[in-house]
Amino acid sequence: ADLVSQVRMAETRLGLRNIAPAIIEQGVRENYRLSVVAAHDLEDGIVIAPDMICLRRPGTGILARDLHKYIGRRLTKSVKQGTPLRLLDFELLTNE
């Protein structure tokens, strides 16, 4: 019985199998992530170059980790300076 209780205690200390953000972390997550935003006003049809965009908080648009996917892509509408870019702002690729 002692061995069983020690094994159960060890299992408890290992924690859950599914690692995920805590509920409290999910609420503030957007505030600490970075979004890709327009560095200046961007016109409809322009092809995005690195100097046209920058990273800002909160992370409500395209995430910084996906930035490379959007360099060289064409905008389908105008975007004002400081506005987070979204997938819908770009021409769709055949695999999207």
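User: Before we look at any residue, how do I read buried, partly exposed and exposed?

Analyst: Buried means under 20% relative accessible area, exposed means over 50%, and partly exposed is in between. Keep in mind that this is a predicted model. Now try Gly-15: its relative accessibility is 43%, so Gly-15 counts as partly exposed.

User: Okay, and where does Gly-15 lie?

Analyst: Look at the loop between α1 (2-14) and α2 (23-32); Gly-15 lies there. You can also follow the chain onward to Glu-30, which is 15 residues away in sequence. The C-alpha atoms of Gly-15 and Glu-30 are separated by 26 Å.

User: Let's zoom out. How many helices and strands does the protein have?

Analyst: There are 2 helices and 2 strands. Read from the N terminus, the order is α-α-β-β. The radius of gyration is 21 Å, while the globule rule gives 12 Å for 96 residues, so the protein is more spread out than a compact globule. Its C-alpha trace spans about 70 × 30 × 20 Å along the principal axes.

User: What share of the residues counts as buried?

Analyst: Of the 96 residues, 21% do. The accessible surface comes to about 7400 Å², and carbon and sulfur atoms hold 56% of that.

User: What about contacts between parts that are far apart in sequence?

Analyst: Take the contacts with a separation of 6 or more: residues 24 or more positions apart account for 55% of them. Leu-63 gives you a case to look at. This residue lies in the segment after β2, and its neighbours beyond four places in sequence include Arg-33, Leu-34 and Val-36, all in contact with Leu-63. Val-37 is 26 residues from Leu-63 along the chain, and their C-alpha atoms are separated by 9.7 Å.

User: Is Leu-63 buried or exposed?

Analyst: Leu-63 has a relative accessible area of 15%, so it is buried.

User: Now a strand residue, please. Which strand holds Ser-35?

Analyst: Ser-35 is found in strand β1, residues 35-38. With 0% relative accessibility, Ser-35 counts as buried.

User: What does the side chain of Ser-35 pair with?

Analyst: Two backbone nitrogens are there to find. A polar atom of the Ser-35 side chain lies 2.8 Å from the backbone nitrogen of Thr-60. The backbone nitrogen of Gly-61 also lies 2.8 Å from a polar atom of that side chain. Leaving aside neighbours within four places in sequence, Ser-35 has further contacts, among them Cys-54, Leu-55, Pro-58 and Pro-84.

User: You mentioned Pro-58. What should I look for at its peptide bond?

Analyst: Here's the general idea: most peptide bonds are trans. In this model, though, a cis peptide bond joins Arg-57 and Pro-58, with omega at about 0 degrees. Pro-58 itself is in the segment after β2.

User: And a charged residue: is Arg-73 buried or exposed?

Analyst: Arg-73 counts as buried, because its relative accessibility is 7%. You'll find Arg-73 in the segment after β2 (53-56). A polar atom of the Arg-73 side chain lies 2.5 Å from the backbone oxygen of Glu-91.

User: Last one. How far apart are the mean positions of the positive and negative charges?

Analyst: They are 5 Å apart, taken over the 14 positive and 12 negative charges of the protein.

Note on methods. Residues numbered from 1 in each chain as written. Predicted model: local features only at pLDDT ≥ 70, side-chain atom pairs only at ≥ 80, totals over all residues. Heavy atoms only, no water. Helix = DSSP H or I, 4+ residues; strand = E, 2+ residues; numbered from the N terminus. Buried < 20%, exposed > 50% of the residue type's maximum accessible area, 1.4 Å probe, protein only. Polar contact = N/O pair within 3.5 Å; in protein donor to acceptor, adjacent residues only side chain to side chain. Rg over C-alpha atoms; globule rule 2.2 N^0.38 Å. Contact = heavy atoms within 4.5 Å. Areas by Shrake-Rupley, 256 points an atom, 1.4 Å probe, with all protein chains shown as cover. Lys, Arg positive; Asp, Glu negative; His and termini not counted. Charge placed at Lys NZ, Arg CZ, Asp CG, Glu CD.
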